[in-house]
Structure formats: structure tokens, C-alpha cells
Amino acid sequence: MSLLEVRDLFVEFRTRDGVARAVNGVSYTVEAGETLAVLGESGSGKSVTAQAVMGILDMPPGRITGGEILFQGRDLLSLPEEERRRIRGSKMAMIFQDALSSLNPVLTVGFQLAEMFRVHQGLGRKEARARAVELMERVRIPAARQRVGDFPHQFSGGMRQRIMIAMALALEPDLIIADEPTTALDVTVQAQVMELLAELQREFTMGLILITHDLGVVADVADKIAVMYAGRIVETAPVKELYQAPAHPYTKGLLDSIPRLDQKGQQLNVIRGMPPSLLDIPPGCAYNPRCPMARAVCRTDEPPLYEVSAQRRSACHFWREMFDGR
Amino acid sequence: MGRYVVRRLLQMIPVFIGTTFLIFVMVYAVGDPVNAMFGERAPDPATAEQLREEFNLDKPIWQQYVLYMGNIFTGDFGNAFNGQPVTELMATAFPITIRLAALAIVFEILVGITLGVLTGLRRGRPIDSGVLMLTLVVISVPTFVTGSLAQYLLGVKWGWISPAVSPAAPLRELLLPGLVLALVSLAYVTRLTRTSIAENARADYVRTAVAKGLSRRRVTVRHLLRNSLIPVVTFLGTDVGNLMAGALVTERIFNIHGVGFQLWQGIVRQNSPTVVGFVTVLVIVFLLANLLVDLLYAVLDPRIRYA
């Protein structure tokens, strides 16, 4: 039994302009102690999938129209809200992108951390506070005891994200979802925060879903990658294999658009065009208008997830050519 | 913080002098208070002269003002023309109006904020549209209409309450007048809270609170409400002054002998010391209420620091 198994998940949003199909049949699994990186542009459905797993999707306008989310063997979507609430924060936790806006500006960090223990474990004010200080020390915030009464705006960006991480780790959950945890940080701090996260994950053998659009971050920490495009997974693979030989033109486009030192002075490769509107996803393969390999069949037939190898899948009709062309 | 308060208090001095001087000039320059005392009859010139001297009315206006202010700071607000000390009038009037205004504020907080939260969380649903429409009606209808109507229906026609408040004005009798006084502000508080709640409900920290596995109630009360109340508190603070002065209409309708009633009597009878005295105190109430709001800001929002 996997720690988390998302099966054929569909999520849509009702908007004034029509129905936005944000997630269209996404499946992935995360094992205990494993890191899954979910890669994709804004609007690819990576965050929406995660929010559906956490159960924090805004409904309405959001609606889960199909699929299952199995967490430790139980289908979360069929659980009553009260039971899901108890799982949230204690068994699975989420780290958000912008710690400044994600922490409550008018409550002290100590209160916000202690709240986890008070609500889920029924600890008293004092005891919960002491645990909050321990947590802050654990994520290496200097002078934790003095700073426990400070407000979020009094911390630096890196320290704030550490507090977010501490809050997620408070009850030692089995699964952590980190939604672009380093995007809002300085490059120098990004590595520190990622290292801390990876270290704590090993310590507690948690499953980690790392949502990002930063390919550099992924390479170091992830075990496997799921690449998403227009609400669908287009490729899944172990990290090393994916970097060596992408099996989907979109993945290849992403990898090619990483600036490299040995290409100094040359023009940067980019993927042409824009991601499709979720209100109007092109028929066939959603990537076909931007794909350099697109042929007639790509515009009519939606590719299934082909089995490339035991651990790899690609949603490209011509995945074999991807390997031949090298 | 301490320095900020001192600075604010110092800034109040010119504002205080400016406003009181203006009122002083307006009250004393318009009409002859001595003539007004005698009503229809022409006063005996010698007596009039003596009275003018007694009340400093023979001196230039600026000098009158300085003398008056000097006396105020010794706690002497002068005597009304009938010989009764103005402070005595205040001692009976202010407690009544304070009770009335406090009651109104309580209504605004309890009813206004509750309705605001309910509608803010259910935007676009029937309860939201219904309350919104109701607030619009309340805001559009002047207090003297709602007041008179409530008095007629509840007091006269159905006899649920006594239509006039007795001179002692016990809290029980002030319930309806308090509600009438609060009504317009209450509608504003509802709308303000609603907007603020709806806006903050989409904030990232609310999503975090939900992700922490907190109950709906705790998310709303601990995380959402606290942030949403900042603009509401500002409004309530400034409303304290408005309610005290604005109780005039309500106090007239229900025959409450409070500040508004005394002010009105003072104006009608050209009883200048009464008018100036009461308004001076109201100015101080306004200024202090505003300072209090600014200080409360820092308590509610720790990002605001005063230096």
C-alpha cells in the first residue's frame, strides 16, 4: 500500500466564462520517505491537485468531478469533513510558497505554532508554547526562546519559511506537500531551506510532494518526477532518467530552457507559445500547438500514458522517436 | 509609544483652540444673549448692563474667549443665564447620553459585526442579499423617521414599552432609543465587516489555517475576524463622538434629558454658556476617541508601530 495514491483525479472550476478544467485525470503515488517532484508551469494543475489532496480546495467554485485520493489506504474523498480536518495538519501538512502572506500577520509565530498542539493534541497554553520553541530550534531559528513572541513580519524571508516548515512538521505528519517552498526566497537562502526540508524528511521518513517549476531544485532532492501540462501528467520518471533522456517533448523543452554556463553568449532556448487556457484545452494532445514534433494524429487523438519502462510513463504518441533522435 | 501619545496630545491643543474659538464666536456673535434672557420684554438698561458685566459680555470677543477658557481649566464652565452652573447640567446630562451611546455601540458591535460576518462568508446567497438590502433601507431612512415610527408602534400602538423615557433614564428604558440611535451606524458596521471578511476570506493565511486542520469556527474567529476588524474598529471609534453629539434627534423623540436635549435647549434659548460648555466637552470626547482608535490600531495590527 502506498502512502498516497491519487487515481484519475478530475477537478474543474466554474467561472463566469465557463468551466475551467484544471485537473484532467491525474494519477500519482508517493511512498513513505519518497520525494515526488511535480513540475509544471503556472496553471498546469500541480497546485490544484495538491489542494485537492489536502482538502483545502475552494469549493465552490472548485469541484472534484472524478477520481480517488487514497491516503494510507483510505479514500479521502469519501470521508466526512470532520475526519478530514483531523488528518489535515497532523497526518499530512502543507508548506506554502509565500510565508509572509501565508502566516497570519496579527498573531505571533509562537501562537501559530502552538496552535497545532493545542488543537490536535489538546495541550495547554504553556506546554504548547514550549513545544513551539522546540520546533523553532529544530528548524534552526536563532534565539528561538526570545523570538517565539515575535510576529511574522519581524522575521527575514528565510526564517519565515523555516517557521512554515516548522508548522508543517509540528505533528510529524506522514506526508508533506511543499508548494513552491523556495520560490519567494533569495537564491542563497533557497538552498539552505531545501537542505533543511530534505534533512527533516529523512529524519522522519515522510513522503514529500515538492511542487515546483524550478528544475534546478528538483535534481538534488527528488526521487521521481511528474511533469504536468494543462491539468494532465505528461511524463513520470525517476529523476536521473528524466534528466538524461526526456520521453516527452514538453519535458525536453523545459530542460532545454535551463540557462547553462557552457552556452554563454548564445540565445536561450524557450518553449514557443503560451500554455493553453483551461477553459479551452486543444483537442488531441494539449501540447500540440507548441510542439515541434506535432503531427496530424496529435491534433485529433489524445495520447494515453504509454509505458516507457517499468517506472516511466510518457503521454506522447512519438515517445520512441524522442530516444531515437538522440 | 509614550512619545507618540504625548505628540498626539500636543497636536490636539491647536485643534482644540481652533474649534472652541469658532464655536465661541458663533454662539456669542449671533444675537444678544441678554436680550434673549428677557424674552419678549425689553430689559431694564441698568440690569442689562450689570448682566453684561457679570458675564464679561462687555469685553471684546477674544478677551471673553480667553477668560472663558481660563475658567474652564479650573473646572468652571460658568453659569447658565438662569444661574444654574453648567457643570451641574453636564453632571446630569452626560451620564445619560454616555449610557445611551454605550448601548448603541454595543448594538453595533453585537448585531453589526455578527451580520457582517454572516453575510461576508455567504456572499451572493439569499441571506447576504437580504441583509444588504435591509442595510440600504436603514441607511436611507433618517433617524427621526425610524425613531418616531418605532416610538409610535412599540410605545403607543402596541404598548410594549413606555414611549417616553423617565428623567432618571434607566438602562431598560434606553434599549429602544439606543437601538434607534445605533441603527444607521449599525448598517454601516454590517457593510464594512461584510466587505472586510469577504476580502480576507481569500487571504493566504486563512488557507493556511484551514490546512492546519483547524475547525471552521476557529479559522473564522481566531484568524479571519481579528484581521477583518481593523477597519471596523476605526469606524466604531469615530462613531463614539458622533453618537454622543448625534443623540440630539433620538433624545428629542424619546424625551431623554441628555446632552443633545440640553444642547438643543441651550440653542433655542440662546443660553450661550451651556452651548459652548457642552460643545467644548464634545470636542474633547471626539479628539480622545480618535487618539484611542489610533492606539487600538497598533494593538490589533502589530505591523503598525508608533514612534
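## Burial, interface and salt bridges in a predicted two-chain model

User: What share of chain B counts as buried?
Analyst: Of its 307 residues, 44% count as buried, where buried means under 20% relative accessible area, exposed over 50% and partly exposed in between (1.4 Å probe, protein chains only). This is a predicted model, in which local features need pLDDT of at least 70 and side-chain atom pairs count only at pLDDT 80 or more, while totals for chains, interfaces and linings use all residues. Residues are numbered from 1 along each chain as its sequence is written, chains are lettered from A in the order in which they are written, and side-chain values use heavy atoms, with hydrogens and water left out.

User: What is the secondary structure of chain B?
Analyst: Chain B has twelve helices and zero strands; helices (H or I, at least four residues) and strands (E, at least two) are DSSP runs, numbered from the N terminus. The C-alpha trace of chain B spans about 85 × 55 × 30 Å along its principal axes.

User: And how many of its contacts join residues at least 24 apart?
Analyst: Among contacts in chain B between residues at least 6 apart in sequence, 76% join residues at least 24 apart. Contact means heavy atoms within 4.5 Å.

User: Turning to the interface, how many residues of each chain are in contact?
Analyst: On chain A there are 24 such residues, and they are in contact with 19 residues of chain B. The two chains bury about 2100 Å² between them, 58% of it on carbon and sulfur atoms; buried area is the accessible area (1.4 Å probe) that two parts lose on being put together, summed over both. A:Pro105, A:Val106 and A:Glu115 supply 25% of the area that chain A buries against chain B, more than any other three residues.

User: How many salt bridges and polar contacts are there between the chains?
Analyst: The count is two salt bridges, a salt bridge being a side-chain nitrogen of Lys or Arg within 4 Å of a carboxyl oxygen of Asp or Glu. One salt bridge joins A:Glu115 to B:Arg218 (2.8 Å, N to O). There are also 13 residue pairs in polar contact between chain A and chain B, both residues at pLDDT 80 or more. A polar contact is a pair of N or O atoms within 3.5 Å; within protein, one must be able to donate a hydrogen and the other to accept it, and residues adjacent in sequence count only if both atoms are side-chain atoms.

User: Which helices of chain A supply the side that touches chain B?
Analyst: At least two residues each come from α1 (46-54), α3 (99-102), α4 (109-121) and α7 (157-169) of chain A. The largest share, six residues, comes from α4(A).

User: What about α9 of chain B, which residues are buried there?
Analyst: In α9 (residues 204-211) of chain B, the buried residues are B:Tyr205, B:Val206, B:Thr208, B:Ala209 and B:Ala211. Their cover includes α1, α3 and α7 of chain A together with α8 (171-200) and α10 (216-253) of chain B. Just after α9(B), B:Gly213 takes a positive phi of about 85°.

User: Is B:Asn200 buried or exposed?
Analyst: B:Asn200, found in helix α8 of chain B, is buried, with a relative accessible area of 16%. Leaving aside neighbours within four places in sequence, B:Asn200 is in contact with B:Tyr205, B:Val206, B:Leu224, B:Asn227 and B:Ser228. The side chains of B:Asn200 and B:Tyr205 are joined by a polar contact of 3.2 Å.

User: Back to salt bridges: how many are there over all chains?
Analyst: A search of the whole structure finds 24 salt bridges. In one of them, the closest N and O atoms of A:Arg7 and A:Glu68 are 3.0 Å apart. A:Arg7 lies in strand β1 (residues 4-15) of chain A and A:Glu68 in strand β4 (residues 62-71) of chain A, so the pair ties together parts that are 61 residues apart in sequence. A:Arg7 is partly exposed at 36% relative accessibility, and A:Glu68 is partly exposed at 30%.

User: Which parts does the B:Arg194 and B:Asp128 pair tie together?
Analyst: Their side chains meet in a salt bridge (2.6 Å, N to O). B:Arg194 lies in helix α8 of chain B and B:Asp128 in helix α6 (residues 126-140) of chain B, so the pair ties together parts that are 66 residues apart in sequence. B:Arg194 is buried, with a relative accessible area of 14%, and B:Asp128 is buried at 3%.
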